[in-house]
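Here are my notes for someone opening this structure for the very first time. Have the viewer up while you read, and take the points in order.

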Amino acid sequence: MAASVRHLLKPWTPSLCLVRWSRYNPYYLDPDPSKDARVPESELSPEEKELQELKTVSPIKAALSSDTSSAFNDPLISKFINMMMQDGNKILARGIMTQTLETIKRKQVEKYHKSPAAKREEIECNPYTVFHQALENCKPIIGLASVQKGGKSYQVPVPLTDNRRRFLAMKWLITECRDNKHRRTHMYEKLSQELLAAFANEGNVVKRKHDLHKMAEANRAYAHYRWW
Amino acid sequence: MNLHKLTSRLCPKATQKFRHLHIQSSGQQLEAVAVETASAEANPLSVFRTSERDPTYHSEGHSGQYYTLPPTHIQKLFPYGLPPRFQLQIKTFNEGCVMVRPPALELISYLKRADYSKPPLRYVLYGDIGTGKTMSLCHALHYCYSQGWLIVHVPDAHLWVKNCKELLPSSSRPSRFDQPIQASQWLKNFKITNERFLSKLKTTQRYVWTKRESTEKGQPLGELIDQGVNRMKSSSDVVGAVLRELRLQAGGATEGEGAFKLAVAVDGVNALWGKTSLKKEDRTMCEPEELTLIHNLRKMMKNNWVKNKKKLEGIEGFDNMEPFVPVSVSNYNEKEFESCYLYYLDRNWLQHPHSRSEEGKKELIFLSNKNPSILERLCAFL
């Protein structure tokens, strides 16, 4: 038993040199920095108990320097910051993100204070909920893939995984703000406008999502070309 | 202090009051909050806010509480004088609230008790970055304005000493340089703040600007200022003339109706003696003495007037300033931090659910070290 475990813990080098993937042994677990990760033992089902024991025994990968154990840490926002980052300038990307959140909050709180008491309940002032909801509104449900059949390539409607949908929503937001807006406005200003519009289901990104859905609907006939 | 105990007792109530606005989970909590909201409605105003709008009556008891600046005063007195982030805050919250803090109270008490027949006293507000020097200065200026003083306020001396687009050689003296844009802007703002004094004060000597233009003796000060605003070329010299007039007249006229008290406030006074980032035409650096505006302002800083008081602000003291009364400004203490936190909660500014919990508050204290400006920037995106 000990011999087989030692064999697993040897540094595992693949026969092909895969440069893109991480070099960690697949045996290693991801770190979970949140303080609420430890749940008391009585509330766990038998599978979860096994998982917990596995965590105490097996090695864990090193944590990223951008992850914190505080509850202010939001994985979705971190992912968005990474996507906005250019040339590894994380400080600038994070600064833009915080300025965006601040601008969204300022606009909403200003509206809140100026509106009568009846309408105040409907105004959402929390920039995090605005961001999450706007991203949800931008995520496409179905995508298109290019399939070659009989010498011709067709756009085939295809279901998308969750990660792919999230990636597409963020990518569209960022490219929309970089390319299609006025040159002299700051990125945080452009992003806040686009996010507030997406929160209300308006704006160019939501329009692009709808266009994708319409294309998928139009190409329904080719759905059978998908074999996976 | 009873106020401190009130704060700690009311803090859970304040947070519960806001949980009431969001969707409740249990019926028991609803009832408890329904009872407390009725009693807490009258109280929370007294914990971190005070209804005393006049800085004359602010005392130690009000320390740590927010008082509201009347909007008319903000427009008149501070069109340009407040820090830019505070101006944004006024716009967002629809009101301008300033915290009453010990340095400002100290300064106001000095101003109240000072003897005006002796040569003017100078005060320097000093402290680390972001501890609230400019805000204390604005608080004291509000006091002066409500007492009816004439105010000479330079919002940021650093703006006169760097990033200047136009630098003209002076029309009156060959070795000096003028800054027409800054000078005319300052004159416009001076006019807005001190309108009631402009018709009362008269010039004491004849000023010649060009071959055809001159201001005669005995003209009201308003005309002098208009001259400077309209003719940009001589606006720096007009600034010098205005400052000279004010110095001469500030205390002397006890017999006439022209008696007034003068307050000079300069933000960033170390800019007057440091290096400039401006260059002359032959690409050598400009010294501060060679700029007309700076030269005239330095003359104001000396205490050879009669019957005046001045206040200054800077990060390091300078030998030119001695003797002066130093006033130290530091970070928030616990009571002030509580008050600030409650104010942000009241204005619906702290939105993240974790920031409203006890742990979130501890995190905020740790991250900001109770520094006012860092706390403000942190709470902006949380």
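1. Start with chain B, and keep in mind that this is a predicted model. The secondary structure of chain B adds up to 16 helices and eleven strands. Chain B has 382 residues, and 53% of them count as buried. Contacts in chain B also reach a long way along the sequence: take those between residues at least 6 apart, and 72% of them join residues at least 24 apart.

2. Next, look at where the two chains meet. Chain A and chain B bury about 2,000 Å² between them, and 57% of that is on carbon and sulfur atoms. Chain A brings 18 residues to the contact and chain B brings 24. Between the two chains you'll find ten residue pairs in polar contact, both residues being at pLDDT 80 or more. On the side of chain A that touches chain B, α4 and α5 of chain A each supply at least two residues. The largest share of that side, ten residues, comes from α4(A). Sorted by class, the side of chain A that touches chain B has eight nonpolar, four polar and six charged residues.

3. Now for the charged pairs. How many salt bridges are there between chain A and chain B? The count is three, while a search of the whole structure, over all chains, finds 18. One to pull up on screen is Arg85(B) with Glu102(A), where the closest N and O atoms are 2.9 Å apart.

4. Arg106(A) deserves a careful look. You'll find Arg106(A) in helix α4 of chain A. Is this residue, Arg106(A), buried or exposed? Its relative accessibility is 8%, so Arg106(A) counts as buried, the cut-off being under 20%. Leaving out residues up to four places away in sequence, Arg106(A) touches Arg85(B), Leu88(B), Gln89(B), Thr92(B), Trp349(B) and Glu376(B).

5. One of those contacts is a salt bridge: the side chains of Arg106(A) and Glu376(B) meet at 3.9 Å, N to O. Arg106(A) sits in helix α4 of chain A and Glu376(B) in helix α16 (residues 372-381) of chain B, so this pair joins two chains. Both Arg106(A) and Glu376(B) are buried; for Glu376(B) the relative accessibility is 11%.

6. Stay with Glu376(B), since there is a second partner to see. The side chains of Glu376(B) and Arg85(B) meet in a salt bridge too, at 2.9 Å, N to O. Glu376(B) belongs to helix α16 of chain B and Arg85(B) to helix α5 (residues 84-93) of chain B, so the pair ties together parts that are 291 residues apart in sequence.

7. For another salt bridge, go to Asp226(B) and Lys191(B), whose closest N and O atoms are 2.9 Å apart. This pair links distant parts of the chain, with Asp226(B) in helix α11 (residues 221-230) of chain B and Lys191(B) in helix α9 (residues 180-193) of chain B, 35 residues apart. Asp226(B) is partly exposed, with a relative accessible area of 30%, and Lys191(B) is partly exposed as well, at 33%. Back at the contact between the chains, salt bridges that share partners join Glu102(A), Arg106(A), Arg85(B) and Glu376(B) into one network.

8. Two helices to finish on, beginning with α7 of chain A (residues 187-199). This helix has 13 residues and reaches 18 Å from its first C-alpha to its last, close to the 18 Å expected at 1.5 Å a residue. Its buried residues include Met187(A), Leu191(A), Leu195(A) and Leu196(A), and Lys190(A) and Glu194(A) are also among them. What covers the buried residues of α7(A) includes α3, α4, α5, α6 and α8 of chain A. Just past the helix, Asn201(A) takes a positive phi of about 60 degrees.

9. The other helix is α6 of chain B (residues 102-113). With twelve residues, α6(B) reaches 16 Å from its first C-alpha to its last, close to the 16 Å expected at 1.5 Å a residue. Which residues are buried in α6(B)? They are Pro103(B), Ala104(B), Leu105(B), Leu107(B), Ile108(B) and Leu111(B).

Methods
Residues numbered from 1 in each chain as written. Chains lettered and ligands numbered in written order. Predicted model: local features only at pLDDT ≥ 70, side-chain atom pairs only at ≥ 80, totals over all residues. Heavy atoms only, no water. Helix = DSSP H or I, 4+ residues; strand = E, 2+ residues; numbered from the N terminus. Expected span 1.5 Å × (residues − 1). Buried < 20%, exposed > 50% of the residue type's maximum accessible area, 1.4 Å probe, protein only. Contact = heavy atoms within 4.5 Å. Buried area = accessible area lost by both parts, 1.4 Å probe. Salt bridge = Lys/Arg side-chain N within 4 Å of Asp/Glu carboxyl O. Polar contact = N/O pair within 3.5 Å; in protein donor to acceptor, adjacent residues only side chain to side chain. Nonpolar A, V, L, I, M, F, W, Y, C, P; charged D, E, K, R; others polar.
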